[in-house]
Protein chains: 2
Amino acid sequence: MRFTEKLLAASEKNDSLLCVGLDTDISRLPKHLLNSDNPVLGFNRAIIEATADLVCAYKPNTAFYEAMGADGWRVLKQTIEAIPSHIPVIVDAKRGDIGNTARMYAQAFYRGLGADAVTVNPYMGFDALKPFLEYPDKCAFVLCLTSNAGAKDFQYLPSKGKPVYEHIAQKVVGWSKNGCCGLVVGATYPEQLRRIRQIAPKLPLLIPGIGVQGGDLEAVSRWGTDRQGQLAIINSSRAIIYASDGTDFAQKARVAAERLKERINLCRK
Amino acid sequence: MRFTEKLLAASEKNDSLLCVGLDTDISRLPKHLLNSDNPVLGFNRAIIEATADLVCAYKPNTAFYEAMGADGWRVLKQTIEAIPSHIPVIVDAKRGDIGNTARMYAQAFYRGLGADAVTVNPYMGFDALKPFLEYPDKCAFVLCLTSNAGAKDFQYLPSKGKPVYEHIAQKVVGWSKNGCCGLVVGATYPEQLRRIRQIAPKLPLLIPGIGVQGGDLEAVSRWGTDRQGQLAIINSSRAIIYASDGTDFAQKARVAAERLKERINLCRK
C-alpha cells in the first residue's frame, strides 16, 4: 500500500489530521515511571494506547532516542512496534548525505526500524534523496520551510525571484512519483504555507510548530490541507505528551489530543 | 583543549592532514572476519591500529552504524573508544533540527559518544546549530559545499550576487567563536574551495571527496589549507579501508593511507 493511501485510511478512520510527536525526553517523564525497567518505552506505550484512535500518524524524533545512548535505538524500535500497524509512523530524522550513505540511512529507517516515512534534509540535493525514493510504499518528507527562527537565515534567501524554500518545493514536486515525497512546512508561517500548498497541491504536508511553538491552528488547518481537506499531518509533541507529569499523564494526553483534533476539524470543515 | 589545538597537535605529530573515514559496511568486510563476535568493531580496530600514526583525525559516519540496528550505536561508541585519545574524532552525522532537539543531538554525540566534532546541516539556520556551539572544546563542521552531484540543486542557487554556499560560509565565520565551527567543503570543486578558504581563512575545513569521488588532490592540498599549510582535514574512506578484502586488509589500508598522506604533503609544501 502506498504511503498516501495508508495515511488517508488512518486519517479517515480516526477523522483526524493530528500527528503526535513521540519526542520523549527521559528528564521530563512522570516520576512514578522512573523505577521501571524501560521508562521511556512504558511512557510511549501508554501515550500510544491513549491516543491511537485520535491520530493520523505518530512521529518519533531520533534525537531523543540517540541521546539515550546504545539503548536508544532499541527503545525507538520497540516504540515503533507498539504503534498499531494501520497508523503511519514518520521517523523524524532530518537525514541527508551522499547517495552511498543515504542508502544506509534508508535501510536503517525503512527496513531496520520499519518506518513508513522519514524526514530528510534537501541541502545536498537530489542524489541524497534518491535512495529514500526507491521504496515505493514509503514517503520521504523533505524539509522545505521550518518552524524555527533560524529558518530566516538561509531558507528565505531570494534567488531568481523567489525564496530558496520555494525552489525546494518545486523540485520536490518534480521528484515525487506516486506519492513518494512530502514536504515539511512549519505552522508558524501561514501565508507561506498557503503558497507552498499552491505549489504542491497533491503532496502530503507534515506541519510541526503548533502547540508550544505557537503556530496559527486555524490557518494551518485551512491552508495546509488539500482540496479534499486531507493530506495535512499536523504535529504536536510537547503540548500533548507532557500535558501532565502525574500518574494521569496518559489520560491528560488523551484529553489534549482530543481537544486539538477537534479544533483542527472545526477549522478544516 | 580547544578542538583546533587538538587537531593541530595531532596533525603536527603525525605530519598529516589525512582523515580516515570509518564508513564500515558489513557487506564489504573481509570474509575471514565475519565469524567473529563483533566483525565491524574488529575491522575498525585493525584499521585504527594500522593507521593511527598516519592521520590527523578519524571520521565515522553514523549511517553505517545505524544501518546495523540496535547494536550499531554500541559499535560506534566502541569504535570511538578504540581511537587514541590524542586524535580528534569527527562524527559525520549531518544533523540539523530545532534548538530543543539539536540539544539532544549535541548531548548524544559530545557526551554520549565522546566525539570531538560533528558535522551539521545549516538548512535550519543558527538556532539549530547553537546547541552544538555551547561546548567550548568541540567543533561543529557545517555543510557548505558538498562533493556530490546534487550539490548543484540548491547550494549553487544565486542570491544577492553569490551562491547560497557562500552565504553559509560567511554566516558560519560570524558564528564561530574560539574555533567552535568548521566547514565541510567537497574536494570535487577546487575553485570554489579556494574561494571558501578566502572567506574563512581561519576555520578548519573538512574536505571529503578525494579517492573514490575523484577530487583533485593537488588543488585541495594547496587551497584547502590555511596560510600555515594547516587546518585542512582531507578525508578518504573507501579507498583506504577497502584497499584489500583479504587477510592483509589492515596492512593494505596502511599502505594506502601512507601513500595518500605523502601525496598530500608533497602538494601542500
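This is a short tour of a predicted model, with a selection to make at each stop.

**Stop 1: where the chains meet**

Show chains A and B in two colours. Chain B puts 49 residues in contact with 49 residues of chain A. Now keep only the side of chain B that touches chain A. Several elements of chain B each supply at least two residues there, among them α3 (62-66), α4 (70-82), β3 (90-95) and α5 (99-112). Further along chain B, select α6 (126-133), α7 (151-154), β6 (158-159) and α8 (164-175), which also each supply at least two residues. Which element gives the largest share? Select α5(B): seven residues come from this helix, the largest share of that side. Next, colour that side of chain B by residue class. You get 22 nonpolar, 17 polar and ten charged residues.

**Stop 2: helix α4 of chain A**

Move to chain A and select residues 70-81, helix α4. Which of its residues are buried? Pick out Gly72(A), Trp73(A), Val75(A), Leu76(A), Thr79(A) and Ile80(A). Look down the helix axis. These buried residues cover an arc of only 165 degrees around the axis, so they sit on the same side of α4(A).

What covers them? Within chain A, the cover includes β1 (18-22), α2 (39-51), β2 (57-60) and α3 (62-66). Turn chain B back on as well, because α4 of chain B is also part of the cover.

**Stop 3: α2 against α4 in chain A**

Keep α4(A) and add α2(A). The two axes come within 10 Å and cross at roughly 20 degrees. Angles under 35 degrees count as roughly parallel, so that is the word for α2(A) and α4(A). The crossing of α2(A) past α4(A) is right-handed.

Now show the residues that meet. From α2(A), select Val40(A), Leu41(A) and Asn44(A). From α4(A), select Val75(A), Gln78(A) and Thr79(A). Three of the residues in this contact are nonpolar, three are polar and none is charged. Two of them appeared at the previous stop: Val75(A) and Thr79(A) are among the buried residues of α4(A).

**Stop 4: helix α6 of chain A**

Select residues 126-133 of chain A, helix α6. Its buried residues are Ala128(A), Leu129(A), Pro131(A) and Phe132(A). They span an arc of only 150 degrees around the axis, which places them on the same side of α6(A). Add their surroundings in chain A. The cover includes α5 (99-112), β4 (117-120), β5 (139-145) and α8 (164-175).

**Stop 5: two single residues in chain A**

Select Phe249(A), in helix α12 (residues 249-268) of chain A. Is Phe249(A) buried or exposed? Buried: 21 other C-beta atoms lie within 10 Å, and 20 or more is the cut-off. Now draw a distance from Phe249(A) to Pro30(A). They are 219 residues apart along the chain, yet their C-alpha atoms are separated by 7.4 Å. Leaving aside neighbours within four places in sequence, Phe249(A) is in contact with Pro30(A) and Ser244(A).

Then pick Lys162(A), in strand β7 (residues 162-163) of chain A. Lys162(A) has 14 C-beta neighbours inside 10 Å, so it counts as partly exposed. Draw a line to Ala219(A). This pair is 57 residues apart in sequence and 22 Å apart in space, C-alpha to C-alpha.

**Stop 6: α2 against α12 in chain B**

Switch to chain B. Select helix α2 (residues 39-51) and helix α12 (residues 249-268). Their axes are 9 Å apart, and the angle is about 45 degrees. The two helices are therefore oblique to each other. α2(B) passes α12(B) in a right-handed crossing.

On the α2(B) side, show Ala46(B), Ile47(B), Glu49(B), Ala50(B) and Thr51(B). They meet Ala250(B), Gln251(B), Ala253(B), Arg254(B) and Ala257(B) in α12(B). By class, the contact has six nonpolar, two polar and two charged residues.

**Stop 7: two loops in chain B**

Select Lys160(B), in the loop between β6 and β7 (162-163) of chain B. Its phi is positive, about 50 degrees, although Lys160(B) is not a glycine. Lys160(B) is exposed, with 9 other C-beta atoms within 10 Å.

Finish on Leu231(B), in the loop between α10 (217-223) and β10 (232-236) of chain B. Leu231(B) also has a positive phi without being a glycine, near 60 degrees. Is Leu231(B) buried or exposed? Leu231(B) has 24 C-beta neighbours inside 10 Å, so it counts as buried.

Note on methods
Residues are numbered from 1 along each chain as its sequence is written. Chains are lettered from A and ligands numbered from 1 in the order in which they are written. This is a predicted model: local features need pLDDT of at least 70, side-chain atom pairs count only at pLDDT 80 or more; totals for chains, interfaces and linings use all residues. Two residues are in contact if their C-beta atoms, placed from the backbone, lie within 7 Å. Helices (H or I, at least four residues) and strands (E, at least two) are DSSP runs, numbered from the N terminus. Ala, Val, Leu, Ile, Met, Phe, Trp, Tyr, Cys and Pro count as nonpolar, Asp, Glu, Lys and Arg as charged, and the others, Gly among them, as polar. A residue is buried if 20 or more other C-beta atoms lie within 10 Å of its own, exposed if 12 or fewer, and partly exposed in between; C-beta atoms are placed from the backbone. The arc is that of the directions from the helix axis to the C-beta atoms. Axes are lines fitted to C-alpha atoms, for helices over the stretch in contact, and angles run from 0 to 180 degrees between N-to-C directions. Angles under 35 degrees count as roughly parallel, over 145 as roughly antiparallel, 65 to 115 as roughly perpendicular and the rest as oblique. A crossing is left-handed if the near helix is turned anticlockwise from the far one by less than a right angle, and right-handed if clockwise.
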